[in-house]
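I opened this notebook to record, item by item, what I looked up in one structure. The entries run from the chain as a whole to single residues.

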Amino acid sequence: MRLRTPLSAWRSLSGFGLLLGTLFFCAALTPSLLPRSTLSQGVLAGAALAAGYGLGVFARWLWRYMELAVPPERLRSRVNIIIAIVSATLAAYFLSQVTGWQNSIRSLMGMPPVTSGHLLEVILTALATFLILLILARLYRLVSRFVSRRADRFLPRRVANVIGVVVALTLFWSLVTDVLVTRALKVLDASFAQYDALIEPEAAQPASSLKSGSRESLLRWDELGRTGREFIASGPSARDIAAISGRAAQEPIRVYVGLRAAETPEARARLALRELLRTGAFERSVLVLVTPTGTGWIDPAAMNSVEYLHHGDVASAALQYSYLNSPLSLLVEAEYGADVARALFEEVYDYWRELPTERRPRLYLHGLSLGALHSQASWELHELIGDPFQGALWSGPPFESQMWRRITDDRNPGSPEWLPQFRDGRFVRFMNQHGTPEPMDASWGPMRLLYLQYASDPIVFFDYRYAWRRPDWLSEPRGPDVTPALRWFPLVTMLQLAVDMAVTTPTPPGHGHVYAPADYVDAWRLVTAPNDWSDETLSRLKAHLTRELASAAEQDGNEAAYGNRGG
């Protein structure tokens, strides 16, 4: 009996499934957009192995269902042994290439090379992942057969089989989406809500009346939430700005309304408008409506840049809408938060457009990651006719962004997907770490819409369709930080990019989903057009913001202003 159990388990495996699964496993070891950790590489390889094996098993079932000739048992056993030897050889070769493939990405991003791919850990993690998924698949089959046998008592056999498959699929899908995902999200949201209530010692209540949470503010300091307090506390002072620009500066106005401040998005938007009016925000030259990431985080590099460029003559406002991080929210509830961005825009825009044109600030939108998605959806073109806002900077726009997708798909022929050109560039432009395809001094229309994106950002360039379609951004020329070793494989490439979004090795600023301060400076210059900065002072500003980020990376924890990079 001790020998029969493993032998019967071996015989129950599909030889074609094992071969196809191995090919998927090998493809999953090849590089994608970002470097991978040992854990993420193992989980990805195991999931790919399970997906390939599942397709092989389905092909075997289809072959038998069509009642085609089946080779005898002895021949199948011999073929399976040959397949096992070939599979082991292929897997060993691809595993030996992992370190070099990962270093091909790291070298493009200026990261130190790794000396080992930790292959044993990868193999063990992959096998554990495969076994878990295999057990779940067999449990699904048991449920399907159980239902089919019950239905077979009063229905034709094949009708009963279809019912069994549909019922089992519905049951498992409901468990995963309605029970596991929904319940897990509620638990996570509640956990993050408690975490959000914590006040870190380094986030001191602001003394300036121009900040939300100050003594003069309509909002209590604890109502801003953790990320709101980080945003308020991280901004430069007038003295900081003057020290870099060499000119007199004002104290920037920052308004942030946390989730606990009011029950509904509309009520929080009204609070934000009242705060803007209290602080005199509409008397500034520039007003920025910011949509945060899923956690409510706002990238300090983005807002500090525009405040420096305009010598502090800037007001900004943001509403929190979630406690979950952007990749998680994007994959399971991409539309969650759009109503909040819309509420803030409507409230502020309706007041702003009633002001005399010559006496109101220039109005801009900004968002990173999930914030960029919601910011794009916060306004309708028809409502802006005759009185548009001045522009927007959207960094790391997620693949779910409909406006971004339409413009990218309609790009000028010959321009790459990772840095498109759209028409004559007067309405919308795209920028990466090397600038825009258009010259810096090219003329704009009445609105300036700019997408800041890196070719190595999986949150921008993921697409479910890559399961069966080769990405356009893999065509030559490729983006500056996309390895030439990256290849497209059906289904596997989609899995690779999904893992890149969720679990990756952090990249240096200027790659992946980590947007560099120097690029924010250039992006805001294009959108808001400050005209009183020399090349020397701009270089000084970029160096200062870069040092500030590097210093924060060494000292700050996850609760600090720069500690949530990627959102």
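Entry 1, burial and surface. I began with burial in this predicted model, and found that buried residues account for 51% of the 567 residues in the protein chain. I then looked up the exposed area, which comes to about 26200 Å², with carbon and sulfur atoms supplying 61% of it.

Entry 2, secondary structure and contacts. I noted 20 helices and seven strands in the protein chain. For the contacts I took those between residues at least 6 apart in sequence, and of these 76% join residues at least 24 apart.

Entry 3, annotated segments. I checked the UniProt record, an unreviewed entry, whose annotation "transmembrane region" covers residues 44-63, 75-96, 116-137 and 158-176. I compared two of these segments with the model: residues 44-63 are 100% helix and 0% strand, with the end C-alpha atoms 29 Å apart, and residues 75-96 are likewise 100% helix and 0% strand, with the end C-alpha atoms 32 Å apart.

Entry 4, the sheet. I asked myself in what order the seven strands form the sheet. I read the order as 1-3-2-4-5-7-6 in an open sheet, and the pairing is parallel. Strand 1 (253-257) and strand 6 (428-431) are the edge strands, each of them pairing on one side only. Direction ignored, neighbouring strands of this sheet are turned by 15 degrees against each other on average.

Entry 5, one strand pair and its helix. I followed strand 2 (residues 286-291) and strand 3 (residues 314-319), which run parallel and are joined by five bridges; within this part of the sheet, Leu287 stands opposite Ala315 in strand 3. I also traced helix 11 (residues 300-309), which lies across strand 1, strand 2, strand 3 and strand 4 (362-368), and I recorded that helix 11 runs at about 160 degrees to strand 3.

Entry 6, a glycine in a loop. I turned to Gly337, which lies in the loop between helix 12 (326-332) and helix 13 (338-352), and wanted to know whether Gly337 is buried or exposed. Gly337 counts as buried because its relative accessibility is 3%, where the cut-off for burial is under 20%. Leaving aside its neighbours within four places in sequence, I found Gly337 in contact with Tyr321 and His374. I also looked up the separation of Gly337 and Leu370, which are 33 residues apart in sequence and 8.9 Å apart in space, C-alpha to C-alpha.

Notes: Residues are numbered from 1 along each chain as its sequence is written. This is a predicted model: local features need pLDDT of at least 70, side-chain atom pairs count only at pLDDT 80 or more; totals for chains, interfaces and linings use all residues. Side-chain values use heavy atoms; hydrogens and water are left out. Helices (H or I, at least four residues) and strands (E, at least two) are DSSP runs, numbered from the N terminus. Buried means under 20% relative accessible area, exposed over 50%, partly exposed in between (1.4 Å probe, protein chains only). Contact means heavy atoms within 4.5 Å. Accessible areas come from the Shrake-Rupley method with a 1.4 Å probe; for residues, only the protein chains shown count as cover. UniProt positions are given in the numbering used here, feature names are shortened, and annotations may be inferred rather than shown by experiment. Two strands pair if DSSP finds at least two bridges between them. Axes are lines fitted to C-alpha atoms, for helices over the stretch in contact, and angles run from 0 to 180 degrees between N-to-C directions.
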